[in-house]
Amino acid sequence: MTGVTPPNPKPADGYLRIATEEAWAPAELLAGFRRVLDEKRFDDPGFESLWGFYLASPSERTTRMRERIQILDERRIADMNAAGIDKQLLLLTGPGVQVFDTPTAVALARSTNDQLAEAVRRFPTRLAGLAAIAPQDPAAAARELERAVNTLGLKGAVINSHTRGEFLDDSKFWDIFAAAEALDVPIYIHPSGPPPAMVQPFLERGLEGAIFGFGVEVALHVLRIIVSGAFDRFPRLKIVIGHTGEGLPFWMSRIDYMHRASVLSQRYDTMQPLQRKPSEYMRENLYITNSGVAWEPSVMFCHQVMGPDHVLYAMDYPYQYVIEEVAAMDALPMTAADKKKFFQTNAETLFKL
């Protein structure tokens, strides 16, 4: 944003613009990322590619991103004002605490949640937040989620996808699902770089990040959760993903067909029957935001197949801080009632804002 960019006007229909996938990272998290990189504590080429570049690059874009992602004060509010954003829902940026050893991750999750809650207290009408948790210790993660919601007033949890190559479909993590369901709060699965077992073909063509790898990795993660039967075990669990559902809404019909075929053929021992079609869990347990995808055909398709109650607005600040995209979303060909859901009331309902 330049100093001469005029603020986006308030929408004529009178809805609030709530952005629901907005990143932040305190200085100690970025310093921790640098230590992990410098000390080569484990082999994760996707993490090394992403944060090795972001922390070392002197470009204007990366410098501004590093500055913006750390601020939780009036400067963030000023950026929101310029874009016409009324409220941000803040998420600890990927890979969050999930690249650290267990004691460090648990302590850092607690510390960052305390900092985030303090920022929300300073700007209660402008900021809200999701709690960071450490899946490395699922029981501790469940306890921290309960503390963050009941004591700090945070609105759910963010998990930055895989944790050192492990996914949440493994039942050892399901204490986290149980806590989220009991608290009636959502879990936002935010992208991370593809894990070592899948990243190499992406790296070879520079596709491991937001251009493609992030979406593939989160879509895989969520589909693993669906076919594991997790939603049969936790029918009220709510999961949120960004970037117009990381492609999953476009695959609904084929996923249903091929899942049924695989179960009937008994091709995979791990592919068990579900109580519903995969697409039914997507429409009932899954919520999607348009973060980073301000493209009418994609957003409207998701609105059609997911339903108007399950699609929410997001900007993806500061990674994609493009003020013009806000106006593009204002112009979506939705009814006034559906547009208010998209920008405001779906977020208020889902996150209890």
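Where does Ser57 have its place? In this predicted model, look at the loop between α2 (45–56) and α3 (60–70): that's where Ser57 is found. Is Ser57 buried or exposed? With a relative accessibility of 9%, Ser57 counts as buried, because the cut-off for buried is under 20%.

So what does Ser57 touch? Set aside the neighbours within four places in sequence, and Ser57 is in contact with Thr62, Thr63 and Arg66. There's a polar partner to look at as well: a polar atom of the Ser57 side chain lies 3.2 Å from the backbone nitrogen of Ser59.

Now step over to α2, the helix on one side of that loop, since α2 also turns up in the lining of the largest pocket. That pocket has a volume of about 690 Å³, and 33 residues line it. If you want to centre your view on the pocket, go to Gly209, Ala210, Ile211, Phe214 and His243, the lining residues that lie nearest its centre. Which elements give two or more residues to the lining? These are α2 and α9 (213–227). Of the elements, α2 gives the most, with seven residues.

Next, the sheet. This is an open sheet of six strands, and reading across you get β4-β5-β6-β7-β8-β9, with parallel pairing. At the edges sit β4 (131–132) and β9, each of which pairs on one side only. In general, strands of a sheet pair through backbone hydrogen bonds, either parallel or antiparallel.

Strand β8 (residues 286–289) is a good one to zoom in on. On one side, β8 pairs with β7 (residues 239–241) in the parallel sense, over three bridges. One of the residue pairs to pick out here is Ile239 with its bridge partner Leu286 in β8. β8 also pairs with β9 (residues 311–312), again in the parallel sense, over two bridges. For that pairing, take Ile288, whose bridge partner in β9 is Val311.

How does the chain link β8 and β9? Helix α13 (residues 296–306) joins with these two strands to make a β-α-β unit, and the unit is right-handed.

Finally, check the side chains of β8. Which way do they point? Leu286 and Ile288 point one way, while Tyr287 and Thr289 point the other way. That's the pattern to expect, because side chains in a regular strand alternate between the two faces of the sheet. Whichever way they point, these four residues of β8 are all buried.

Terms used:
Residues numbered from 1 in each chain as written. Predicted model: local features only at pLDDT ≥ 70, side-chain atom pairs only at ≥ 80, totals over all residues. Heavy atoms only, no water. Buried < 20%, exposed > 50% of the residue type's maximum accessible area, 1.4 Å probe, protein only. Pairing = 2+ DSSP bridges. Right-handed = clockwise from strand over helix to strand, strands pointing away. Polar contact = N/O pair within 3.5 Å; in protein donor to acceptor, adjacent residues only side chain to side chain. Contact = heavy atoms within 4.5 Å. 1 Å grid on protein atoms, 1.4 Å probe; cavity = no way out; pocket = protein on both sides within 12 Å on 5 of 7 lines; lining within 4 Å. Points joined across faces, edges and corners; volume = space filled by probe spheres on them.
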